[in-house]
Amino acid sequence: MATYTLNINGREYRADVAPDTPLLWVLRDHLGLVGTKYGCGIAACGACTVHLDGAAVRSCVLPVSSVESAKVTTIEGLSEKGDHPVQRAWDEVDVPQCGYCQAGQIMSAAALLRRNPNPNDEEIEQAMLGNLCRCGAYHRIRDAVKLAAKKS
């Protein structure tokens, strides 16, 4: 066990966990930030996507010991009132069906728009490729990302 001081959503948290504990489990089980979802556990589905210094990463395979002083943003910290342009576009386009993947999808889309504010369809599809939606809402996801880009 080791104690880690983590900067998550602009707040400082401490977690006493094994160094190889995935960030996802620290977020969910130790800190109570359950917006980030467990999907596959092998970084193949993107349900666990968070931002590490603004870049989308898969928290299910990221050891907490590798986070160090990086700033972690979860879906809870993306915006104060759930009004990030991607979140508003998600509502407007009515993206979710079951909704399980949406936190990871939104985090990937927000990271894309941060580095590329006006992506084309191919860039959107490439950026979102690692996020799986079992409901098949990919067309609406792409439409929401395009709408968020227009409103950002």
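**Asking how we know**

Buried residues (under 20% relative accessible area with a 1.4 Å probe, protein chains only; exposed is over 50%, partly exposed in between) make up 46% of the 152 residues in the protein chain. This is a predicted model, where local features need pLDDT of at least 70, side-chain atom pairs count only at pLDDT 80 or more, and totals for chains, interfaces and linings use all residues. Residues are numbered from 1 along each chain as its sequence is written, and side-chain values use heavy atoms, leaving out hydrogens and water.

User: What makes the protein chain as compact as a globular protein of its length?
Analyst: Its radius of gyration, taken over C-alpha atoms, is 15 Å, close to the 15 Å from the globule rule for 152 residues, so the description fits. That rule is 2.2 Å times the number of residues to the power 0.38.

User: Why is T21 called buried?
Analyst: Its relative accessible area is 14%, and the cut-off is under 20%, so T21 counts as buried.

User: Where does T21 sit?
Analyst: You'll find T21 in the loop between β2 (11-17) and α1 (23-30). Helices (H or I, at least four residues) and strands (E, at least two) are DSSP runs, numbered from the N terminus.

User: What makes the link between T21 and A18 a polar contact?
Analyst: A polar atom of the T21 side chain lies 2.8 Å from the backbone oxygen of A18. A polar contact is a pair of N or O atoms within 3.5 Å; within protein, one must be able to donate a hydrogen and the other to accept it, and residues adjacent in sequence count only if both atoms are side-chain atoms.

User: Which residues does T21 touch beyond its neighbours within four places in sequence?
Analyst: T21 is in contact (heavy atoms within 4.5 Å) with V26, L62, P63 and V64.
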